[in-house]
Amino acid sequence: MHPEPVNSQVGPMSQHLSFTKLKGRGAAKRKKVNIYTPQLPNTSSVHETYTFVSRKQGFRAHGSHVTVKSSTSSIQFVQEMDSIMTDSHTNHDFSYFTAERDTFLLELLRHDGRGDYVDLCVCGSCHFGLPEYRCIDCFSGELFCSACIVSLHASNPHHQIQKWTGSSFAALSLKRLGLRVQLGHPIGEECLLPQRAFNDDFTLIHTNGIHEIGLDYCGCDTAHTHTTQLLRVAWFPATTSKPRTAATFQILEQYHLLSFESKASGYEFYHAIARLTDNTGLHPHKNRYEAFLRMVREWRHLKMLKRVKGTKEGECAVVCPACPQAGKNLPDDWQDAPDDKRWLYSLFVAIDANFRLKRRAISKDGTDPGLSQGWAYFVEETAYKSHLQQYSGKPQEKSTCSSHNAVNMADTKASQGLAATGVGTIDCARHNMKLPNGVGDLQKGERYTNMDYLFFSALSQRRVNVLNISYDIACQWHKHIWQRMSTMPAHLRLDHASKLVRFFVPKFHLPAHILKCQSTFSFNFSKNVGRTDGEAPERGWSNINPVASSTKEMGPGSRRDTLDDHFSDWNWKKLVGLGATLLRKMNEANEEHEAHANAFEELNGALKPETTTGWREDVELWEENPNDVSVPNPFKMKVSTITQAAVRLKLVEIEAHQLWEGNDMSLHIDVSPSVFIATGIDLESEQQKTVLLQQRNALQCKVDAWKGVQLLYTPAAQFLSLRMETIGIPDNPEDIKLFLPSSLTADTISCSPHLLTIEWELRIAQAGDALDEIRQSLRLCDYMYTFKRNWIRGQSANTRAQNALSRVEARAAAAADRYRAAHAALSSLAPVLNKVGWNVKLRSLNNKDDVRGMTVPRKGESEGRRQLSWIWVVEGVGDDEDEVVQDGLRVEWCKACARMMRWKEEIELLQEEMRRVLQFLQWHALWWDNSAHLRTLTGAEREGVVAYATRQAQICRDLHARFEVLWAQHTCH
């Protein structure tokens with residue numbers, strides 16, 4: 001499975017080796033390896049090489065420096081590179097392992113015995129006792145006597161001990177060997193008044209298993225509480241009253257991170273730890289699963305509290321540093337910013353609901369209250385439920401847009417056996433972070449009562465002048481939002497009159513709305529939103545949904561605390577990843593802006609300035625009045641679409657034009673092909689065969705006559721024709737090669753320059769006519785697609801419509817073939833006639849990417865990235881007097897202008913977000929510095945608080961330094 005060298009070309013300064021296929025694995029991507037050879041002979045050269053086969057072929061991308069001697073041949077180098085590429089870089093090559101499999105297996109089995117200590121007779125530590133105990137957690141695996149193994153593990157009471165029984169090892173606890181763990185005193189020092197754990201029954205859960213511990217508390221007069229003594233040795237007690245179970249800080253931290261990354265439930269993790277202790281079930285420990293869950297929940301809560309200095313609503317949340325935060329990352333004069341800069345300080349929020357995060361009707365708030373009462377992402381439950389109880393009885397109005405289930409089924413969603421059908425959330429729309437106090441349970445569907453409360457709660461602590469709101473049912477939800485706000489508690493109400501508030505529908509959800517909504521609520525056609533898509537919540541659901549299987553069985557408080565913690569981790573990962581994320585977006589925005597600016601200028605240059613001036617004014621008026629319904633929408637067609645009767649009329653006109661040109665394809669003088677579309681679909685195949693037969697006879701006569709004239713003008717063509725006939729005479733006249741002057745441009749064949757010039761002019765005209773017909777056919781296709789989609793119903797009617805559509809598509813394909821023939825001839829004639837610049841207007845035509853309608857994107861392109869095919873922007877396209885064509889050009893010009901402006905705005909917005917992130921990190925570092933000295937503590941507690949705050953401040957400064965380097969070329973200082 002190695003790449004085969006296909007060719008090698010050695011130049012004076014470099015050598016190129018190409019690889020194009022992979023033995024037994026299909027074709028590999030073609031890559032080149034350059035070896036730069038120095039001027040001096042008999043010296044080596046060092047060159048950085050890269051893997052030249054993609055991951056799909058089983059190789060991983062890697063780079064290395066290869067030293068090649070000057071005498072190394074290309075074939076020898078290829079063999080060396082084959083060796084490099086196959087050396088441990090394939091995904092399925094286990095030959096190295098299978099060759100040593102027995103060695104691996106025997107070494108593995110060797111650890112089940114005494115290994116290197118099989119002949120040891122006395123303890124290696126005291127040189128007296130019988131060596132029959134070992135620790136499988138210590139490094140060496142050396143054998144000790146019972147007294148030594150106990151003394152050596154005074155500081156590691158959670159290690160696993162095994163005893164040699166004469167034929168095998170058996171597990172044995174340190175407690176049974178006599179180890180007592182004394183708390184409240186230095187290791188090795190005994191307490192004069194020790195107090196044993198309750199019933200001398202204490203269990204410790206650690207990363208390597210569940211252990212029985214012989215535990216003694218300090219009973220001295222100055223002793224701390226039992227809880228404090230456990231916490232001082234980094235053991236977290238399950239309860240504060242006579243604790244009998246504890247978990248080490250290490251295992252709590254391990255599960256904490258594991259739950260974020262793998263979404264493993266507490267049940268799965270605990271039982272995996274239990275199996276590390278006993279994987280047979282023959283010696284089960286007491287079940288401490290419930291205690292472990294309680295400790296995990298308390299650990300999550302305490303880790304959250306470490307980040308803050310108070311417990312106000314939303315204060316424990318990880319906030320987005322790129323969003324505008326007054327007093328933290330905005331300029332002092334941000335409220336006085338001019339109108340052209342005011343939008344840069346706007347807040348983008350996205351609203352959505354997730355019905356995967358259900359909760360069964362298990363337990364109640366009185367039995368299972370939350371530890372954080374609105375301190376993070378979930379709203380404060382008591383006030384939330386009180387509001388719902390008071391205002392949720394009113395029926396919700398139905399959708400006047402499409403039949404949105406989120407609106408029409410808000411009060412009817414099945415909720416039997418469920419205390420919560422899902423959650424509603426308010427997110428940062430640009431950076432995909434959950435907003436503080438922006439999450440709450442749903443009792444039915446997406447009722448406005450629920451979503452309104454969450455929305456106003458999330459914004460209650462925000463100071464912004466411009467607010468952009470994205471919601472998949474924004475067209476309905478926004479209608480009476482300010483009237484509904486009057487039912488909110490006073491502290492949640494928003495002073496909307498002093499703000500610019502705009503509503504949008506996320507880009508992916510927008511096509512499901514009616515046409516009016518698709519432009520009115522579009523991010524693509526609205527000013528000062530950049531490339532925001534509003535789909536941020538959808539991206540976050542894939543991360544949180546795997547938790548649903550465990551949280552749906554939790555009590556209300558446990559579930560809220562768990563989801564709060566997961567949302568915090570999600571926000572933190574987004575925060576630390578902002579450096580790469582914003583850099584990637586900035587690089588993409590620069591590239592896309594340049595491409596769309598060029599595309600727009602190309603389209604604009606093909607149109608008359610007096611035409612586009614009015615269009616520009618229409619766009620500017622629309623953008624300046626986003627909430628004024630009286631302003632005409634420039635992105636909406638003003639001319640109604642063509643009817644089926646008009647399509648038939650257009651086809652008749654095309655056929656009449658072909659008749660005038662002498663290209664009649666009709667079978668009957670009174671019946672044209674367009675009539676056949678409607679009256680005789682079943683006879684179409686036979687008619688076409690008859691037409692082709694008649695055309696072939698006529699064509700043969702025309703070719704024979706033309707060949708006689710050709711003998712006079714280009715006798716060399718006759719010689720070429722005779723030579724072709726020696727190979728074989730074509731069966732059909734359409735296969736006969738005509739040898740026009742463009743085919744006679746070789747050095748060995750002479751042709752009159754006058755004839756070449758005539759063909760050049762005719763080919764230019766042919767290419768232009770072909771482009772016109774392609775555009776005309778594509779417009780017809782667009783109209784017919786729309787008519788078929790909106791009005792055609794039933795199998796028979798759809799079959800007839802599809803056949804008519806196929807005829808028009810075939811016409812476009814035939815025109816494309818004529819254009820390519822003309823382009824090939826022009827490519828041959830241009831060097832001979834010294835013609836340059838002609839291919840700027842007449843480019844190569846690609847069926848897949850170029851032959852597409854004005855509004856049709858390339859595969860995978862969205863509206864914001866879509867670019868017109870070049871066939872619509874060539875010079876003269878605006879001269880078409882068809883009002884439908886002109887209206888389509890107007891709409892496409894406005895959309896192209898909008899796409900260019902959105903990418904330009906995205907660059908400005910990203911630069912501002914980079915600045916805000918850097919300023920926020922500086923502010924946060926100072927905040928941590930100040931927080932270290934706010935609490936009046938002494939001794940070790942004070943030192944711990946200062947150390948933690950100092951470390952957090954340093955993390956902020958390190959992130960600031962890293963981001964500053966990443967963004968150096970994009971940020972302004």
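The following dialogue concerns a predicted model and treats one helix pair and the largest cavity.

User: Why are helix 6 and helix 18 called roughly perpendicular?

Analyst: Helix 6 (residues 249-262) and helix 18 (residues 556-576) pack at an angle of about 75°. Angles of 65 to 115 degrees count as roughly perpendicular, and helix 6 and helix 18 are therefore described in that way. Their axes lie 10 Å apart.

User: Which residues of helix 6 and helix 18 meet?

Analyst: From helix 6, His256, Ser259, Phe260 and Glu261 take part. Their partners in helix 18 are Asp565, His566, Asp569 and Lys573. By class, this contact has four charged, three polar and one nonpolar residue.

User: What makes Phe260 nonpolar and Lys573 charged in such a count?

Analyst: Phe is listed with the nonpolar residues, and Lys, like Asp and Glu, with the charged ones. Phe260 in helix 6 is therefore counted as nonpolar and Lys573 in helix 18 as charged.

User: How many cavities of 30 Å³ or more does the structure hold, and how much space lies in the largest cavity?

Analyst: There are five cavities of 30 Å³ or more. The largest cavity contains about 60 Å³ of space.

User: Which helix gives the most to the lining of the largest cavity?

Analyst: Helix 8 does, with four residues. Helix 8 (289-305) and helix 18 each supply at least two residues. The lining consists of Arg297, Arg300, His301, Met304, Ser372, Asp561, Asp564 and Asp565.

User: How do you know which class Met304 belongs to?

Analyst: Met counts as nonpolar, so Met304 belongs to that class. By class, the lining has one nonpolar, two polar and five charged residues.

Technical notes:
Residues are numbered from 1 along each chain as its sequence is written. This is a predicted model: local features need pLDDT of at least 70, side-chain atom pairs count only at pLDDT 80 or more; totals for chains, interfaces and linings use all residues. Side-chain values use heavy atoms; hydrogens and water are left out. Axes are lines fitted to C-alpha atoms, for helices over the stretch in contact, and angles run from 0 to 180 degrees between N-to-C directions. Angles under 35 degrees count as roughly parallel, over 145 as roughly antiparallel, 65 to 115 as roughly perpendicular and the rest as oblique. Contact means heavy atoms within 4.5 Å. On a 1 Å grid over the protein atoms alone, a cavity is a set of points where a 1.4 Å probe fits but cannot get out, and a pocket is an open set with protein on both sides within 12 Å along at least five of seven lines; lining residues have an atom within 4 Å of a point. Grid points are joined across faces, edges and corners, and a volume is the space filled by probe spheres set on the points.
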